[in-house]
Each structure stands twice: as C-alpha cells, then as structure tokens.
Amino acid sequence: MNDLIRIYNTLTKRKEELIPLKEGWVRMYVCGPTVYGLIHIGNARPATVFDAFRRYLEYRGYKVIMVQNFTDIDDKIINKANEMGVDPQKLADTFIAEYFRDAHDLGIRPANFHPKTTDYIKEIIDMVQGLVDKGYAYVTKSGDVYFEVRKFEKYGKLSGKKIDDLVAGARVEPGEEKKDPLDFALWKSAKPGEPSWSSPWGEGRPGWHIECSAMSTALLGGSFDIHAGGEDLIFPHHENEKAQSEALHGECFAKYWMHNGMIRMTGEKMSKSLGNIFLVRNALKVFGRDAIRLFILSKHYRSPIDFSENILMDNKKAAERVWESLEKFESRYEEVPIPKYDSWMNERVEEFKEILDDDFNTPEAVALVFDLVKELNKAMDNSDEEKALKAYQLIKREFGPVLGLFDLSRERKELGKEKELIEILVDIRSKLREEKKFDLADEIRNRLSGVGVILKDSKDGTSWSVKS
RNA sequence: GGCGGCGUGGCCAAGCGGUCAAAGGCGGGGGUCUGCAAAAUCCCUAUUCGUGGGUUCGAAUCCCACCGCCGCCUCCA
C-alpha cells in the first residue's frame with residue numbers, strides 16, 4: 001500500500017502523490033471571499049472542505065501552514081459602501097468579523113494567517129514594480145499597470161485555455177488602455193472618491209489578482225505546495241496569479257492546485273451576483289452545524305452539489321441520530337476512558353486513511369463513520385462495553401475531529417427552568433406508570449411530544465430529549 | 001463557438017476493469033424490544049448503473065455515437 005496522499009491537481013489534470021516541497025511541511029493558500037456581505041452556503045464549501053483537508057494533513061503527520069485571505073478592496077465593496085454611505089474599509093472589516101462568526105459556528109478552524117489585501121499594499125506595489133522592471137508589465141498614461149499576457153508563454157496552462165481561443169471573448173472596458181484585450185490590471189489608477197494608495201504610478205489601488213500573489217509570497221514564499229479555491233476561480237483569477245508570480249520569480253508558483261465544485265441552487269451556480277443564495281447563518285439556525293458539514297462532506301469535493309432544504313433536512317436527521325447514540329454512550333461515564341487500540345481499531349484507522357488518501361474521498365469516510373455508529377449501537381444493545389468504547393473513540397475522538405463532524409458540542413436550545421419542569425413531569429409520569437395508570441402517562445408523553453419533548457422509556461428509567 | 005465535468009435505487013451519494021446480483025445517508029415495508037410508544041436492532045426495498053453500439057474471458061467502471069444537465073470563457077467559493 002502506498003502511504004502517500006494523492007490529490008487531483010488541476011494543473012496536470014490527474015491525481016498525483018502529494019510530495020511537499022519541504023519534507024514534512026505543507027504550505028497551502030486558500031482563496032477566501034470578497035467581503036461585502038454575509039457568506040452563503042457556496043462560500044462555506046471551500047472553507048469547510050479545505051479546513052477538513054488541512055486537518056487531515058495534520059492527522060497524517062504533516063505540519064501545515066495555511067493561509068486564507070480576504071479581499072477587502074474591490075469594486076463591489078466600494079459600490080456597496082457607497083450605497084450604504086459608509087467607509088469601504090469599515091464595510092469590509094465588518095464583514096470580515098461576520099465571516100469569522102459564521103465560520104466559527106460552522107466548526108471551521110481559523111487558518112494560521114488571514115491576510116487582507118489592504119495590509120499588503122507595499123508588497124503588492126513591489127511586485128508590480130518588479131514585473132514592470134522585468135518587462136512583463138506596462139504602465140499606461142493614466143497610471144494603470146497591466147500584465148502583458150503574451151509575454152508569458154505558459155499562459156493558459158492551468159485553465160487549459162489557448163490564448164487565441166480567449167481573444168474572441170476578451171473584452172476591453174471603455175477607458176482601458178490595454179495593448180491586448182487579454183492583458184489584465186495589476187494596478188488601477190484611482191477614480192475620484194475611491195480609496196487609493198500612492199504608488200510610483202500615481203494614486204491607485206491593486207487589481208484583483210495581484211493581492212493573492214503578493215500575500216502568498218509574503219507568507220509562504222514564492223513557491224509553495226497547495227493553492228486551493230472554488231473551480232470558478234481557475235480562470236481568470238488563478239491563471240493570472242500564476243502568470244504574474246512565475247513571471248516575476250521564475251519558479252513554480254504552487255505545485256498543486258485543488259478546486260472544489262460549485263453548489264447549485266435550482267440547477268444554477270449559487271452566487272451573490274445571481275441572487276440565488278442561502279446564507280450560512282440561516283442554514284445554521286434551521287439545520288445546525290453538523291447537518292451542513294455532513295451535506296458538504298457527503299459529496300466528493302470536486303463534484304457540484306445541488307442545494308435543497310430537503311437534503312439539508314435528511315442530513316440533519318442523520319446527524320441527530322449520531323448525536324443520540326454518542327450522548328447515550330457518554331451518559332454512562334463521568335469521563336469516558338480511552339480504549340487500548342487493538343487490531344479491530346487499527347484496521348478501521350487504516351481504512352480511514354486509505355479512503356482519504358485517495359483524493360480526499362470524504363463521502364466514503366463519512367460512510368465509515370456511520371458504520372461505526374451502527375457498531376456502537378449494536379454494542380450498547382449487547383452490553384458490550386469494550387466494543388462500544390472502541391467505536392465511540394473512533395467516531396468522536398479520532399475521525400470526527402478530522403472531518404469536523406460531531407466534534408464540538410451539540411447545538412441545542414438553551415433550557416433553563418424548562419428543564420426542571422420537564423423533569424418534574426417525567427417523575428410524576430414514572431409514578432403513574434408504576435401504578436399502571438397508562439392513560440395519564442401516555443397523555444403526558446403525547447402532550448410533551450406536542451411541544452417537541454420526546455420521552456424514551458427503558459429499563460433504566462425514562463430519558464428525554466428536545467427536538468430542535 | 002472553445003475548454004472541462006456530470007447522468008448509479010423513491011431522494012441524496014460512493015464505487016471507476018473481476019472480490020459489485022453496487023457502500024453509506026434519508027424515506028418506505030416487516031420482525032425483535034416495549035404496558036403501548038420512541039430509540040436501537042435484524043431482515044427486505046437497483047439482476048441494475050442516461051440510450052445505443054464496441055473492446056474484453058469479464059464493464060457501472062475502457063472506446064465511439066447519441067440524448068439530457070452543469071461549470072468556465074465577465075465579477076464569483
């Protein structure tokens with residue numbers, strides 16, 4: 001068995017063994033959102049998937065340095081800020097804060113660095129200047145700087161496009177002074193009223209693509225291991241990043257490129273500009289963290305997913321079932337002990353690795369977790385404590401934390417006095433049952449069920465849970 | 001038009017040449033447990049993988065054609 005992780009590399013269009021540039025270390029850069037609104041489910045996919053992938057890399061023994069950026073200056077931010085009559089930077093900073101809130105609630109760990117474009121203006125300017133000096137970029141009369149695509153022979157390799165095919169569709173916006181329609185802006189001269197920074201070419205602001213090149217270089221070096229993001233970024237964003245970085249540094253920019261598929265809403269890509277979005281915050285409220293993570297991780301990261309509330313609901317039921325079992329087991333202990341790893345456990349661990357080593361096949365890994373839940377339930381039914389503990393350990397403490405599933409505490413409604421009231425009713429009902437007054441006992445159960453409190457009788461007494 | 005991807009049970013979704021008469025989740029049917037339920041558990045729920053050809057001893061998995069869907073080529077995760 002090969003013990004290397006294999007991932008699909010967009011650059012070479014096949015699965016490759018992951019061999020980091022620096023042994024034992026993986027440096028990865030994930031493209032984050034442009035912050036001018038709350039994040040939607042589509043934004044949640046790369047965040048969830050690549051966070052889980054990073055956890056898996058760590059699980060497999062790598063030291064990982066992960067960077068995820070925020071684009072905090074661009075046209076959409078400026079427009080939105082103008083609409084609202086607030087400062088663009090305030091707007092961006094606000095939605096960065098909101099991003100962290102949603103990401104945290106989704107169980108996404110922060111990256112090691114979360115750079116924002118406006119903190120790297122100096123690096124960006126240096127990089128643009130470097131490209132001008134090397135002859136890959138040119139400055140126009142009005143102070144724009146463009147990257148000259150035809151100067152970079154490898155242009156199009158990542159996205160699989162030929163320069164000549166692109167020309168037909170390329171557009172030149174009015175007022176642009178490009179030598180070639182394909183050329184893209186590294187630096188844009190400031191329009192009145194826009195935020196701007198001084199540069200050798202006058203007041204202006206960075207183009208979209210240069211920020212990622214500058215920030216990844218600053219934090220990870222000119223050459224690093226993995227660059228990731230949504231597949232809609234392959235062209236032009238990643239193609240351009242790669243071109244400008246490699247033109248300047250003369251070395252391979254990112255060795256592996258990973259791209260996640262889109263989430264679709266009624267057959268179309270979910271996207272802010274199309275307006276067909278479902279906010280993470282709302283989804284969290286209705287379905288909960290684990291349902292959303294299950295929804296995302298139950299499908300291979302490179303395939304598109306159709307979003308629907310029904311599917312979220314199915315995943316919510318599945319997540320709740322798992323929680324029921326875990327909590328039932330936990331209720332037997334003050335502190336759940338750690339089992340001795342035996343061959344059965346080690347085999348499950350090997351399976352788990354084998355599955356995820358193959359291009360991060362999370363759907364199969366999720367299936368393995370569900371198999372273990374079944375083992376846990378069966379063992380509990382058979383009073384096989386040892387076996388139950390082993391299954392529990394793997395689900396809750398080993399595999400769950402890698403996938404970010406069932407690892408945080410369960411989200412449920414806060415119960416204050418209600419809890420005590422429910423327990424009073426349950427106690428009284430138990431007495432009625434002892435006296436075989438089942439009519440009244442059933443009425444209590446039914447009426448509690450009507451308000452979402454589910455009672456379960458067993459030989460050890462009655463337990464209850466609140467349906468969320 | 002160019003480039004890329006997808007089509008598996010009622011729904012979601014793995015599998016990508018034999019161990020597949022196809023994993024896992026949701027749903028449905030039946031049994032066990034229970035005072036009755038709920039939960040759990042056991043069994044059943046695709047002789048078949050968009051359609052038609054082909055390659056092969058052997059295909060859901062490879063090739064060709066066709067049908068349908070989607071992404072990128074413009075901001076987007």
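## Exercises on helices, domains and a pocket

H12 passes H13 in a left-handed crossing. Keep in mind that you're working with a predicted model.

**Exercise 1.** Work out how H12 and H13 run relative to each other: roughly parallel or roughly antiparallel?

*Solution.*
- Step 1: Find the helices. H13 covers residues 385-403, and H12 covers 362-381.
- Step 2: Look at their axes, which come within 8 Å and cross at roughly 155°.
- Step 3: Bring in the cut-off: angles over 145 degrees count as roughly antiparallel.
- Step 4: H12 and H13 are therefore roughly antiparallel to each other.

While you're there, check the loop between H12 and H13, where you'll find Ser383. Ser383 isn't a glycine, yet it has a positive phi of about 55°.

**Exercise 2.** Now do the job again for H11 and H12: what is their crossing angle, and is the crossing left-handed or right-handed?

*Solution.*
- Step 1: Pick out H11, residues 343-357.
- Step 2: The axes of H11 and H12 come within 8 Å, and the crossing angle is roughly 160°.
- Step 3: H11 and H12 are therefore roughly antiparallel to each other.
- Step 4: As for handedness, H11 and H12 make a right-handed crossing.

**Exercise 3.** Explain why the second largest pocket lies where it does with respect to the domains.

*Solution.*
- Step 1: List the domains. Chain A is assigned domain 1 (6-260), domain 2 (309-403) and domain 3 (417-466).
- Step 2: See which elements build the lining. H10 (309-330), H12, H14 (417-434), S14 (453-458) and S15 (461-466) each supply at least two residues.
- Step 3: Put the two together. Domain 2 and domain 3 both give residues to the lining, so the pocket lies between them.
- Step 4: For scale, the C-alpha centres of domain 2 and domain 3 are 30 Å apart.

**Exercise 4.** Describe the second largest pocket: how much space does it hold, and what sort of residues line it?

*Solution.*
- Step 1: Start with the volume, about 970 Å³.
- Step 2: Go to the lining, which has 28 residues. Nearest the pocket's centre lie Glu327, Lys328, Ser331, Lys456 and Ser463.
- Step 3: Ask who gives the most: that's S15, with 6 residues.
- Step 4: Sort the lining by type, and you get 15 charged, 9 polar and 4 nonpolar residues.

**Exercise 5.** Find the form of the peptide bond from Phe235 to Pro236: cis or trans?

*Solution.*
- Step 1: Go to helix H7, residues 234-249, where Pro236 sits.
- Step 2: Check omega for the bond from Phe235 to Pro236: it is near 0°, and the bond is cis.

Note on methods
Residues are numbered from 1 along each chain as its sequence is written. Chains are lettered from A and ligands numbered from 1 in the order in which they are written. This is a predicted model: local features need pLDDT of at least 70, side-chain atom pairs count only at pLDDT 80 or more; totals for chains, interfaces and linings use all residues. Side-chain values use heavy atoms; hydrogens and water are left out. On a 1 Å grid over the protein atoms alone, a cavity is a set of points where a 1.4 Å probe fits but cannot get out, and a pocket is an open set with protein on both sides within 12 Å along at least five of seven lines; lining residues have an atom within 4 Å of a point. Grid points are joined across faces, edges and corners, and a volume is the space filled by probe spheres set on the points. Helices (H or I, at least four residues) and strands (E, at least two) are DSSP runs, numbered from the N terminus. Ala, Val, Leu, Ile, Met, Phe, Trp, Tyr, Cys and Pro count as nonpolar, Asp, Glu, Lys and Arg as charged, and the others, Gly among them, as polar. Domain bounds come from an automatic or database domain assignment. Axes are lines fitted to C-alpha atoms, for helices over the stretch in contact, and angles run from 0 to 180 degrees between N-to-C directions. Angles under 35 degrees count as roughly parallel, over 145 as roughly antiparallel, 65 to 115 as roughly perpendicular and the rest as oblique. A crossing is left-handed if the near helix is turned anticlockwise from the far one by less than a right angle, and right-handed if clockwise.
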